[in-house]
Amino acid sequence: MKAIIVEDEPLAMEELLYIIQKHSQLQVVATFEDGLDAFKYLQQQQVDVAFLDINVPSIDGMLLARNIHQFAKKPYIVFTTAHKDFAAEAFEIEAFDYILKPFNESRIQGVLQKLEATTEAATAPPATTAISRSNTVNLYKGERICVTDTSTIYYVEAAEKQTKVFTADDEFLVPMTISEFIEKLPPEQFFRCHRSYCINLTKVQEITPWYNSTYLVKLQGIEEQLPVSRSRIREFRELMGL
């Protein structure tokens with residue numbers, strides 16, 4: 001994989017380059033201190049990963065990332081910054097990860113391993129069971145952005161203008177409405193059983209009759225029972241073969 005680094009602090013540039021070379025097979029083909037120079041390079045050259053500091057001259061890292069996001073074939077974007085405040089914006093443009101300064105070597109090593117695993121999965125033959133990038137979503141956890149296989153999501157819940165996303169052992173808060181988030185999920189796998197809930201049909205363990213001929217659904221390993229609204233009953237019964 002080819003990568004670039006956009007960083008105007010020489011020591012940070014040197015440290016990041018050292019960690020990348022030590023812990024991965026990534027080839028850093030160019031480094032830049034100026035966002036505009038990096039953008040001009042990317043208009044002519046294709047890379048797989050862009051490590052972007054946010055506070056760089058000419059074009060800041062966030063604006064550069066928004067421009068990169070418009071490319072037909074866009075690289076994975078990993079922000080490397082001292083600022084926590086831009087994490088939500090990074091999520092909106094589907095950044096791969098968000099690393100805070102000062103750098104933690106093991107944290108960066110984990111991101112590098114995840115990058116290599118995701119790239120291998122995306123280029124694997126269709127006959128394999130590897131996860132392609134189209135079957136993943138970005139989930140926001142503190143300052144981190146976690147690239148998550150949709151099959152590990154059990155259900156999602158509306159939280160005003162945000163959405164809670166539940167996996168087997170974790171909970172995430174996504175800065176978009178439940179309707180917006182559901183559009184990112186495979187429609188053959190997920191079903192909006194209620195205006196406030198969308199469930200992974202492959203995780204359904206028990207279906208219990210409720211009042212007015214509706215149902216409560218229990219998912220594998222999840223204690224909470226989720227309702228199926230009356231308006232969704234017929235479709236739910238068809239999907240579950242009831």
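Two strands count as paired if DSSP finds at least two bridges between them; helices (H or I, at least four residues) and strands (E, at least two) are DSSP runs, numbered from the N terminus. What you have open is a predicted model, so local features need pLDDT of at least 70, side-chain atom pairs count only at pLDDT 80 or more, and totals for chains, interfaces and linings use all residues. Residues are numbered from 1 along each chain as its sequence is written, and side-chain values use heavy atoms, with hydrogens and water left out.

Start by selecting residues 2-6 and 27-32. These are β1 and β2, parallel strands joined by five bridges. Pick Val-6 and you'll find its bridge partner in β2, Phe-32.

Now add residues 10-23, helix α1. Its 14 residues should span 20 Å at 1.5 Å a residue (times one less than the residue count), and the end C-alpha atoms are indeed 20 Å apart. Color Ala-12, Met-13, Leu-16, Ile-19 and Ile-20: these are buried (under 20% relative accessible area; exposed is over 50%, partly exposed in between, with a 1.4 Å probe and protein chains only). They cover an arc of only 135 degrees around the axis, so they sit on the same side of α1; the arc is taken from the directions from the helix axis to the C-beta atoms. Swing around to the other side for exposed Pro-10, Leu-11, Glu-14 and Gln-21.

Last stop: Thr-80, in strand β4 (residues 76-81). Thr-80 is buried, at 0% relative accessible area. Beyond neighbours within four places in sequence, its contacts (heavy atoms within 4.5 Å) include Leu-16, Phe-51, Ile-99 and Phe-103.
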